[in-house]
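Let's take a walk through this model, from its enclosed space to its open one and on to the ligand. Keep the viewer handy as you read.

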Amino acid sequence: MLSRTSPSGRNVSRPEDRAGAFLTVDLAAIVENWRILKRRAGPNCDIGSVVKADAYGLGLEPVARALAAAGCKTFYVAHLDGAIVLRNVVGPGPRIACLNGPNRDTERDHVAFNIIPVLSTPEHVRAWQNYALKEEVLQESIVQVDTGMNRLGLTAREFQALMSDSDGFLGLHPQMLMSHLACADEPHHRMNRSQLEAFRTMLGLFRTRFPDAKASLANSSGVYLGPEWHFDYARPGAALYGVNPTPEKPNPMLPVVNLKARIIQVRRVDTPGAVGYGAAASAREGAKIATVSMGYADGYLRALGAAGVGILDGIKVPVLGRVSMDLTTFDVSNVPDSAAVPGGFIDMISHVVTVDDVARAAGTIGYEILTSLGHRFHRRYLPAPVTAGARS
Ligand SMILES: *Cc1c(COP(=O)(O)O)cnc(C)c1O
């Protein structure tokens with residue numbers, strides 16, 4: 001961040017005075033969402049936290065610190081770099097698993113930072129095995145099987161081949177078998193049951209060799225499919241950050257994100273005419289247009305030109321015209337002049353127009369809205385209360 005004094009020693013404004021938009025992340029709500037998931041899953045299921053992609057765009061360090069302080073014992077990231085940052089944030093205690101698996105020659109990094117690799121291909125298994133045997137380390141690992149998504153994980157045939165080879169997992173110490181659901185947000189989709197059954201079959205086989213191996217299948221929505229899907233470890237991400245894991249029902253999670261953009265100009269249209277690039281929208285005489293200091297470069301997707309809405313003074317205001325790189329125009333004709341003023345703020349994401357609402361308007365999912373959030377906002381974190389017992 002820029003400092004508060006200029007090179008000439010003069011006092012300058014605060015970053016929040018300069019920012020075009022404010023992003024507020026409610027860490028207490030994230031922690032409460034984690035507890036809601038824990039209650040849902042019951043005492044026999046470890047609710048970990050997926051904090052990949054910089055905690056879904058909300059900030060790996062503050063989010064992971066709050067969850068660890070609340071007692072979260074397992075974290076999942078996608079990349080080794082994130083895992084190493086995370087290890088420094090949460091200290092030596094919590095388990096950290098690296099979902100995308102080990103790249104070549106990174107085995108020693110996993111050992112050095114105590115990161116659990118997720119082994120998803122025969123090559124992963126072989127490389128890890130060679131390392132473990134050569135270095136004589138007994139390093140834990142997670143084995144991922146594909147149960148129908150065809151994205152990442154050993155196929156049933158690859159898995160069976162490794163299992164029927166007495167050297168297949170020699171030297172490895174797998175603590176968990178995991179798989180990932182493709183359609184958990186659609187509870188009636190037949191994939192959910194077929195993946196569950198495929199997973200159970202593979203788990204049964206796995207436990208003939210590794211009787212103590214744990215199992216993990218559910219993401220956020222999987223936790224809401226029911227107890228059969230819970231197993232020992234669940235891996236929710238999106239629900240922690242307020243995205244609805246049950247899109248067909250009211251959202252059981254607390255909202256986490258507030259994003260407000262600063263109004264730069266309010267224009268009373270004196271001659272009917274076009275608004276924005278491409279002259280794609282028009283304004284009638286007397287209409288009132290507010291231009292805010294935020295655009296698609298901040299993750300307010302260009303697709304929102306068609307259907308985006310904000311909130312100003314408690315009133316829904318539609319986006320008017322195309323979203324620009326650094327600017328967005330809203331029709332604020334229905335908002336009193338006293339509220340539609342330069343220096344005021346339009347809520348772009350709030351309790352009223354939620355992440356899921358913005359996603360629907362953009363034709364995407366809440367995940368993409370969150371992970372697209374830009375880096376020019378002034379970010380504020382509402383602290384999670386420190387709970388007795390979780391203090392370390
Ligand atoms: C991203 C991811 C999750 C978390 O999914 P959500 O839908 O955000 O809860 C869990 N497991 C794996 C393997 C993932 O890639």
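The lining of the largest cavity splits into 3 nonpolar, 6 polar and 2 charged residues. Bear in mind that you're looking at a predicted model. A search of the whole structure turns up 1 cavity of 30 Å³ or more, and the volume of the largest cavity comes to about 40 Å³. If you want to find it in your viewer, go to the run Gln-144, Val-145, Asp-146, Thr-147, Gly-148 and Met-149, then add Arg-151 and Leu-152; these line the largest cavity together with Ser-179, His-180 and Gln-195. Hang on to Arg-151 and His-180 from that list, as they'll come back with the ligand.

Now for the open space. The largest pocket has a volume of about 940 Å³, and its lining takes in 47 residues. Which of these lie nearest its centre? That would be Asn-219, Ala-238, Val-243, Ile-365 and Tyr-367. Sorted by class, the lining of this pocket holds 26 nonpolar, 14 polar and 7 charged residues.

As for the helices, four of them each put at least two residues into the pocket lining: α3 (52–56), α10 (220–223), α12 (355–362) and α13 (366–372). Which one gives the largest share? It's α12, with 5 residues.

Helix α3 deserves a second look for its backbone. Ala-53 sits in α3, and its phi is near 50°, a positive value in a residue other than glycine. Tyr-56 is also placed in α3, and it too has a positive phi, about 50°, without being a glycine.

So what fills the largest pocket? The ligand does: the space it takes is that very pocket. There are 14 residues around the ligand, and those that come nearest are Lys-52, Tyr-56, Ser-220, Ala-238 and Tyr-367. Tyr-56, then, is one of the nearest residues to the ligand as well as one with a positive phi. Ala-238 and Tyr-367 are on this list and also among the residues nearest the pocket centre. By class, the shell around the ligand is made up of 7 nonpolar, 4 polar and 3 charged residues.

Which side chains put polar atoms by the ligand? Ser-220 has a polar side-chain atom 2.5 Å from an oxygen atom of the ligand. For Arg-151, an N or O atom in the side chain is 3.4 Å from a ligand oxygen atom. His-180 places a polar side-chain atom 3.4 Å from a nitrogen atom of the ligand. Taken alone, the ligand exposes 390 Å², and the protein buries 93% of that. Arg-151 and His-180 thus turn up in two places: they help line the largest cavity, while the side chain of Arg-151 and that of His-180 also reach the ligand with the atoms just described.

Notes:
Residues are numbered from 1 along each chain as its sequence is written. This is a predicted model: local features need pLDDT of at least 70, side-chain atom pairs count only at pLDDT 80 or more; totals for chains, interfaces and linings use all residues. Side-chain values use heavy atoms; hydrogens and water are left out. On a 1 Å grid over the protein atoms alone, a cavity is a set of points where a 1.4 Å probe fits but cannot get out, and a pocket is an open set with protein on both sides within 12 Å along at least five of seven lines; lining residues have an atom within 4 Å of a point. Grid points are joined across faces, edges and corners, and a volume is the space filled by probe spheres set on the points. Helices (H or I, at least four residues) and strands (E, at least two) are DSSP runs, numbered from the N terminus. Ala, Val, Leu, Ile, Met, Phe, Trp, Tyr, Cys and Pro count as nonpolar, Asp, Glu, Lys and Arg as charged, and the others, Gly among them, as polar. A residue is near a molecule or strand if one of its heavy atoms lies within 4 Å of it. A polar contact is a pair of N or O atoms within 3.5 Å; within protein, one must be able to donate a hydrogen and the other to accept it, and residues adjacent in sequence count only if both atoms are side-chain atoms. Accessible areas come from the Shrake-Rupley method with a 1.4 Å probe; for residues, only the protein chains shown count as cover. A molecule sits in a cavity or pocket if more than half of its atoms lie within 2 Å of its grid points.
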